[in-house]
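Here are my notes on the model, point by point. Please read them with the structure open.

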2 protein chains.
Amino acid sequence: MKSKRIPKATIGRLAVYVQVLESLRRDRVEVVSSEKLAQACSVNSSQIRKDLAYFGEFGVRGVGYYIQELITSIKRSLGIDRVWNCALVGVGNLGRALMKHRDIPRKGFVIKAAFDCDPDRIGLVIKGIEVMCLSRIKEVVPSLDVEVGFISTPPERAQRAANFLIEAGVRGIVTFAPARLEVPANIPVEYVDFSHHLYAVAFYINQEANKA
Amino acid sequence: MKSKRIPKATIGRLAVYVQVLESLRRDRVEVVSSEKLAQACSVNSSQIRKDLAYFGEFGVRGVGYYIQELITSIKRSLGIDRVWNCALVGVGNLGRALMKHRDIPRKGFVIKAAFDCDPDRIGLVIKGIEVMCLSRIKEVVPSLDVEVGFISTPPERAQRAANFLIEAGVRGIVTFAPARLEVPANIPVEYVDFSHHLYAVAFYINQEANKA
DNA sequence: CGTTGTGAAGAGCTTCACAGCG
DNA sequence: CGCTGTGAAGCTCTTCACAACG
């Protein structure tokens, strides 16, 4: 089981497991069975056992999973048991909010540099980070060991931002701009777009109405 | 095909199609084939044709899809061809950012009321909305025709917020709190959590590294 | 002729059911 | 005995391939 291709859906669920496990840990729970965890995450218990089995054998038969240990194991499996240095492109409202957002460093992602093209923004200092001209990215990213790029530009400038980030050497991108990006196959891109959730809730509300 | 169960994944993709179609419309493109649209969305072209076929026959054989018409049809299919009144619970940093976020009303979701428990926040006026005590929710939600609840509380207060919203009569919930909610089966819940995208990009970067 | 709409085949993911083990 | 880990079955979603049609 160790070396099979891991479903994309599994990765999404691991984030949920971590969230729920951390909440159990706050409540001083030490052990949990796949059945209990499954209920808290609203999934099937074999789903959980199978998801975890992709990465190793973390449970104890007849007992369950030790929570602290499991959190550590999942984080190691995902590669978030360390700090990832990030660079942000686009210092508008959203970009500034991201730079100030405490949860991002708390998850291990530290914004080390910020870039923009607008001369009014260059030179601003936000949370100790000075906003720089995008033209300096190729010198700054390697020197600060940045591996992840955040894009928070308007949609029409997102592709340009992606090109600069990749050219500068980032290995993956998280984009908040409502635009699809063209990138080499070896550069993972994650699209953060919560309008999709707004649409979904509207659709499912209508569906419930049609059912009744 | 009209009345089959619609895959959850289809709903997610429709949001992408709308995004790309709107960008094509900005560029004054009027017609697009499923093949062209597929490339722009990074999906297979039969996927697009099948997704659209769940809701009707929107294309013209030998020609493609008229973009303006298709956008309208998709929006009608999702139920976002109208305004949805929303109420927000939790007026911290995130809650205030949501209230000021222009894209939410632009998508047809209008925040009509905001609630919090903190006496320091009650009475604040943000974007013309006065923050009220959560105890008033049951009177306010029906009178303002609110159908959707937004939760932006800390995780430990999210369930309480959900209970209040549902009790007050909302039909669906979009939550930004990192916590799972227990709700009746007929109340759709959408979990907005971008930490999941941070985890995913880290995982896929590591996977690329192991490949090479 | 070109592109849609769709049954059928294929791939991938989820659930079942139980052997294996502490 | 209880709960995990996992092959096999079942199900859903995706892709193929082509008839239908403007």
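1. A polar contact here is a pair of N or O atoms within 3.5 Å. With that in hand, look at Glu57(A). An N or O atom in the Glu57(A) side chain is 3.5 Å from a sugar or linking oxygen of DNA strand D. Keep in mind that this is a predicted model.

2. Two other chain A residues make polar contacts with DNA strand D. Lys50(A) places a polar side-chain atom 3.1 Å from a base oxygen of that strand. Phe58(A) uses its backbone instead: a polar backbone atom is 3.3 Å from a phosphate oxygen of DNA strand D. The elements giving two or more residues to the surface near this strand are H3 of chain A, plus helix H1 (8-26) and helix H3 (45-53) of chain B. H3(B) provides the largest share, 4 residues.

3. Which residues come nearest to DNA strand D? Of the 26 around the strand, they are Ser34(A), Arg49(A), Tyr65(A), Arg13(B) and Arg61(B). By class, the surface near DNA strand D splits into 8 nonpolar, 9 polar and 9 charged residues. On the DNA side, 61% of the strand D atoms within 4 Å of the protein belong to sugar or phosphate, and the rest to bases.

4. Now DNA strand C. It also has 26 residues around it, and Arg13(A), Ser34(B), Arg49(B), Gly62(B) and Tyr65(B) come nearest. The surface near DNA strand C holds 8 nonpolar, 8 polar and 10 charged residues. Of the strand C atoms within 4 Å of the protein, 63% are sugar or phosphate and the rest are in bases.

5. The polar contacts to DNA strand C involve both chains. In chain A, the side chain of Asn44(A) has an N or O atom 3.2 Å from a phosphate oxygen of DNA strand C. Arg61(A) reaches a base: an N or O atom of its side chain is 3.0 Å from a base nitrogen of that strand. In chain B, a polar backbone atom of Ser34(B) lies 2.6 Å from a phosphate oxygen of DNA strand C. H1 and H3 of chain A and H3 of chain B are the elements that give two or more residues to this surface. The largest share, 4 residues, comes from H3(A).

6. How does H3(A) sit in its own chain? Its buried residues are Ser45(A), Ile48(A), Asp51(A) and Leu52(A). They cover an arc of only 125° around the axis, so they lie on the same side of H3(A). They pack against helix H1 (8-26), helix H2 (34-41), strand S2 (65-66) and helix H4 (67-78) of chain A. Asn44(A) caps the N-terminal end of H3(A), with a side-chain oxygen 2.7 Å from the backbone nitrogen of Ser46(A).

7. On symmetry: a turn of 180° and a shift of 0.0 Å along the axis lay chain A on chain B with an RMSD of 0.0 Å. The two copies are therefore related as by a two-fold rotation axis. Both use the same surface, since 100% of the contact residues of chain A recur in chain B.

8. Is His197(A) buried or exposed? His197(A) sits in helix H9 (residues 195-211) of chain A. Its relative accessible area is 16%, under the 20% cut-off, so it counts as buried. Leaving aside neighbours within four places in sequence, His197(A) is in contact with Val174(B), Glu190(B), Tyr191(B) and Val192(B).

Technical notes: Residues are numbered from 1 along each chain as its sequence is written. Chains are lettered from A and ligands numbered from 1 in the order in which they are written. This is a predicted model: local features need pLDDT of at least 70, side-chain atom pairs count only at pLDDT 80 or more; totals for chains, interfaces and linings use all residues. Side-chain values use heavy atoms; hydrogens and water are left out. Buried means under 20% relative accessible area, exposed over 50%, partly exposed in between (1.4 Å probe, protein chains only). The arc is that of the directions from the helix axis to the C-beta atoms. Contact means heavy atoms within 4.5 Å. A polar contact is a pair of N or O atoms within 3.5 Å; within protein, one must be able to donate a hydrogen and the other to accept it, and residues adjacent in sequence count only if both atoms are side-chain atoms. A residue is near a molecule or strand if one of its heavy atoms lies within 4 Å of it. Ala, Val, Leu, Ile, Met, Phe, Trp, Tyr, Cys and Pro count as nonpolar, Asp, Glu, Lys and Arg as charged, and the others, Gly among them, as polar. Copies are superposed by least squares on the C-alpha atoms of residues with pLDDT of at least 70 in both.
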